[in-house]
Amino acid sequence: MPEPLTSGSEALFARARAVTPGGVNSPVRAFNAVGGTPRFIREATGPWLTDVDGNTYVDLICSWGPMLLGHAHPAVVEAVQRAVTRGTSYGTPTEGEVALVEAIVARTPVERLRLVSSGTEATMSAIRLARGFTGRDVVVKFAGCYHGHVDSLLAAAGSGLTTFSIPGTPGVPASSTELTLVLPYNDRAAVAAAFAEHGDRIACLITEAAPGNMGVVPPAPGFNAFLAETCRAHGALFISDEVMTGFRVSEAGQWGTDGAVEGWVPDLMTFGKVMGGGFPAAAFGGRADVMHHLAPEGPVYQAGTLSGNPIATAAGLATLEAADEAVYARIGVVADALRAGVAESFTAAGLPHVIQSTGSMFSVFFTEQPVTDFAEAQQTDVAAYGALFHAMLDQGVHLPPSAFEAWFVSSSHDDRAVQQVLDALPAAAAAAAK
Ligand code: PLP
């Protein structure tokens with residue numbers, strides 16, 4: 001297959017590297033995990049990305065989750081255009097903020113919600129609030145779960161043992177992570193042991209509602225309910241991070257598929273991505289008595305110059321309002337078609353693989369067995385993924401440039417876009433099998 005011309009992207013990448021570390025404003029964009037030159041995108045519409053060299057790609061990144069409706073959705077564009085002519089930020093309350101918060105409260109079990117500008121801010125603030133509310137210090141998280149670049153949550157995984165963690169990056173002092181307990185995902189015994197030993201010091205347990213940042217590793221049936229119950233029994237708060245899954249896995253996110261069915265509710269939840277419609281908007285919320293501790297009602301400080309920004313709230317509200325049953329049905333159909341295509345071509349190429357999903361979010365591991373935690377996820381063949389990635393890119397399909405990311409689809413992925421992916425898969429699977 002002829003490789004697409006990339007001279008424009010290469011020139012921009014060189015220019016970018018001269019002024020920005022790695023040439024990118026978020027590390028995964030640099031293609032370090034797969035090699036090669038990141039495509040500099042000029043514009044996007046529906047499921048299509050167009051780069052500065054004029055190449056088009058079916059987008060299976062969807063901005064790492066937000067673009068549930070696809071790019072430049074007419075309802076979102078119109079809402080943004082209307083909002084932007086009325087000024088871009090006031091630093092005073094607006095009706096748009098109230099409407100977006102009401103829309104989220106209507107779809108989820110949260111009773112009170114505070115808007116922020118990124119998922120990182122949402123989880124950082126939720127943890128501060130949990131500590132302020134409980135008067136305790138220890139935070140429990142799972143290896144392989146990403147909650148943004150909050151210092152205390154950038155803790156390396158222990159070796160499958162219960163360990164107070166060491167920082168996962170230079171720049172985070174040990175004192176920032178020494179109160180973070182990192183446990184293996186899906187491991188009830190490890191959770192029970194951690195709470196038995198440290199229960200009276202644990203302020204909260206934070207988990208991705210269904211992890212998508214080590215590839216998709218769904219919770220075992222009842223695991224989230226077990227976490228909620230364990231936290232309750234020990235007076236700790238259960239924080240469900242739905243930044244990635246919220247309003248994507250279902251109208252009520254991952255919770256809509258487990259908590260709503262099983263009858264439990266997280267104490268706090270975090271949201272981002274879809275609720276911002278492609279703009280910087282995120283949120284944290286939950287029990288009214290806990291949220292009551294937040295300034296100005298309570299003593300726990302949290303604030304933001306651009307929190308509840310009018311353009312972002314307009315885009316987010318337009319996205320949630322457009323996300324009807326037909327949208328969720330379509331992304332389900334698209335995901336099913338792609339999963340079936342992956343399974344068929346990988347099997348034909350003799351590639352061992354496991355496809356793991358929660359709702360329409362899925363990822364592919366080059367393993368023999370299903371993956372249940374981070375240690376197992378790391379067994380995947382990253383070189384094979386790199387070969388797959390580039391063979392797909394050369395055929396006009398932009399997968400996430402890392403083996404440990406979810407593949408995202410949108411309701412704008414029409415039959416032509418799906419077919420382009422299906423047509424590209426056999427040759428890419430053969431390249432990965434080499
Ligand atoms: N939480 C989860 C589950 C995420 O997937 C992410 C980002 O990918 C974050 C938090 C951080 O969000 P942001 O990148 O908006 O800071």
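**Reading the ligand shell, the domains and a sheet**

Mentor: Welcome! In this predicted model, 15 residues surround the ligand, and the closest are S118, G119, T120, G148 and V243.

Trainee: Which helix gives the most to the shell around the ligand?

Mentor: That is helix α4, residues 119-134, with three residues.

Trainee: How do the residues of the shell divide by character?

Mentor: Eight are polar, five are nonpolar and two are charged.

Trainee: Let's step back to the whole chain. Into which domains is the protein chain divided?

Mentor: Domain 1 takes in 7-68 + 324-433, while domain 2 covers 74-322. Their C-alpha centres lie 26 Å apart.

Trainee: How many residues of each domain are in contact?

Mentor: On the domain 1 side there are 24, and they meet 32 residues of domain 2. Elements of domain 1 that each supply at least two residues to this side are α11 (325-348), β12 (354-358), β13 (361-365) and α12 (374-377). The largest share, four residues, comes from β13. By character, this side of domain 1 has 14 nonpolar, eight polar and two charged residues.

Trainee: And how should I read a sheet?

Mentor: Strands of a sheet pair through backbone hydrogen bonds, either parallel or antiparallel. Here, four strands form an open sheet with mixed pairing, in the order β1-β2-β3-β14.

Trainee: Why is one side of β1 and of β14 left without a neighbour in the sheet?

Mentor: Because β1 (41-45) and β14 (397-398) stand at the edges, each with a single partner strand.

Trainee: In what sense do β3 and β14 pair?

Mentor: Strand β3, residues 56-59, pairs with β14 in the parallel sense over two bridges. To find this pairing on the structure, look for V58, whose bridge partner in β14 is V397.

Note on methods. Residues numbered from 1 in each chain as written. Predicted model: local features only at pLDDT ≥ 70, side-chain atom pairs only at ≥ 80, totals over all residues. Pairing = 2+ DSSP bridges. Near = placed C-beta within 6 Å. Nonpolar A, V, L, I, M, F, W, Y, C, P; charged D, E, K, R; others polar. Domains from an automatic or database assignment. Contact = placed C-beta atoms within 7 Å.
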